[in-house]
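Colleague: I have just opened this one and have not worked with it before. Could you walk me through it?

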Amino acid sequence: MAPTSHLPLFGGVRAWSQDDWTSSDDRVRGGSSQSELTCSASSLIAKFHGTLDIKTLGGAGFASQRTRGEDRTWNLSAYDGIELVIDSADGKLYTLTLKDEILPKRPDGREQSTISWEFDFRAEGRRTIFVKWSDFRATYRGKNKDDAEPLDLKRIKRFGIMIRSFFGDQEGAFALNLVSIAALRTERYLDEPDDESIDDILYEKSAAEATSSEQVGKRRGWFSWLTSCLL
């Protein structure tokens, strides 16, 4: 059977479940940030929220939720990217992460570092963001990995949603309300001309946002590697 143009992953017709997610915050490194993903089978919204602390680690801090289970695999090779439907947000900068490899844990129980594929986004109010595969950047321990092998779309092993301080650029309470996360082919929109125009629906980072992300990236410093093996 040919794949559909829209594959729900979390939310939408696939109800949100807290059993799919677990926290991965800077507390594992002695920090004080904390996050939750609040949802239920009857809710149409999943709320990623908590407190981002920057004092304990001297300006650094991160909080995140990631999918559970090392044995889970998503084959998304028939799709063009990821669609995020956001109900509301606080204007802070968040990061969507993907992994296609998870190594066995170390003897002390900590995870080994692997390449993460990241996309930074900022949202206020309700909006739909389409992230092409080419929009994700490969990172290893917080640094860009320009020579990384292409993302293996046939074996995505983990999804994550993260917020980090970027050394004091943002802190305190945060809240991101998600309607759904899905994989899609862009023809879904092109085949439905009566819906909103593709320019209104498909989100691509503007030159200004791209420049802002580059500037923020320069300030990540040493604390970014703390998150790389956890998401």
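Modeller: We can go through the overall make-up, the core, the charged pairs and the cavity in turn, keeping in mind that this is a predicted model.

Colleague: OK, how many helices and strands are there in the chain?

Modeller: The chain has four helices and twelve strands. It runs to 231 residues, of which 48% count as buried. Among contacts with a separation of 6 or more, 80% are accounted for by residues 24 or more positions apart.

Colleague: And which residues in the largest nonpolar core touch the most other members?

Modeller: Those are Leu76, Ile82 and Phe159, in a core of 41 residues. At least two core residues each come from strand S1 (6-11), strand S4 (46-52), strand S6 (81-99), strand S7 (116-124), strand S8 (127-132), strand S11 (158-164) and strand S12 (172-184).

Colleague: Which strand gives the largest share of this core?

Modeller: That is S6, which supplies seven residues.

Colleague: Let me stay with Phe159 for a moment. What is Phe159 in contact with, leaving aside its neighbours within four places in sequence?

Modeller: Its partners include Leu76 and Ile82, the two residues named alongside Phe159 as touching the most other core members. Phe159 also contacts Leu9, Phe10, Trp21, Trp74 and Leu98, together with Gln65, Arg66, Thr67 and Thr97.

Colleague: Changing topic, how many salt bridges does a search of the whole structure find?

Modeller: The search finds nine. One of them joins the side chains of Glu70 and Arg158, with N to O at 3.8 Å. Glu70 sits in the loop between strand S5 (62-67) and S6 while Arg158 belongs to strand S11, so this pair ties together parts that lie 88 residues apart in sequence.

Colleague: Are Glu70 and Arg158 buried or exposed?

Modeller: They fall into separate classes, because Glu70 has 40% relative accessibility and counts as partly exposed, whereas Arg158 is buried with a relative accessible area of 2%.

Colleague: What about Asp87, which residue does it form a salt bridge with?

Modeller: Asp87 pairs with Arg126, and their closest N and O atoms are 3.2 Å apart. This pair also links distant parts of the chain, with Asp87 in strand S6 and Arg126 in the loop between S7 and S8, 39 residues apart. Asp87 is partly exposed, with a relative accessible area of 29%, and Arg126 counts as exposed at 55% relative accessibility.

Colleague: Which residue does the side chain of Lys145 meet in a salt bridge?

Modeller: Lys145 meets Asp147, at 3.5 Å from N to O. Lys145 counts as partly exposed at 31% relative accessibility, while Asp147, at 58%, counts as exposed. Elsewhere, Glu118, Asp120, Arg137 and Arg164 are joined into one network by salt bridges that share partners.

Colleague: Last topic, the empty space. How many cavities of 30 Å³ or more does the search find?

Modeller: The search of the whole structure finds one cavity of 30 Å³ or more, and the largest cavity has a volume of about 30 Å³.

Colleague: Which residues line the largest cavity?

Modeller: The lining is made up of Trp16, Trp21, Leu37, Phe48, Gln65, Ile161 and Leu178. By class, that gives six nonpolar residues, one polar residue and no charged ones. Two residues of this lining, Trp21 and Gln65, have already come up in our chat as contacts of Phe159.

Definitions and conventions:
Residues are numbered from 1 along each chain as its sequence is written. This is a predicted model: local features need pLDDT of at least 70, side-chain atom pairs count only at pLDDT 80 or more; totals for chains, interfaces and linings use all residues. Side-chain values use heavy atoms; hydrogens and water are left out. A nonpolar core is a set of buried Ala, Val, Leu, Ile, Met, Phe, Trp, Tyr and Cys residues joined through side-chain atoms within 4.5 Å. Buried means under 20% relative accessible area, exposed over 50%, partly exposed in between (1.4 Å probe, protein chains only). Contact means heavy atoms within 4.5 Å. A salt bridge is a side-chain nitrogen of Lys or Arg within 4 Å of a carboxyl oxygen of Asp or Glu. On a 1 Å grid over the protein atoms alone, a cavity is a set of points where a 1.4 Å probe fits but cannot get out, and a pocket is an open set with protein on both sides within 12 Å along at least five of seven lines; lining residues have an atom within 4 Å of a point. Grid points are joined across faces, edges and corners, and a volume is the space filled by probe spheres set on the points. Ala, Val, Leu, Ile, Met, Phe, Trp, Tyr, Cys and Pro count as nonpolar, Asp, Glu, Lys and Arg as charged, and the others, Gly among them, as polar.
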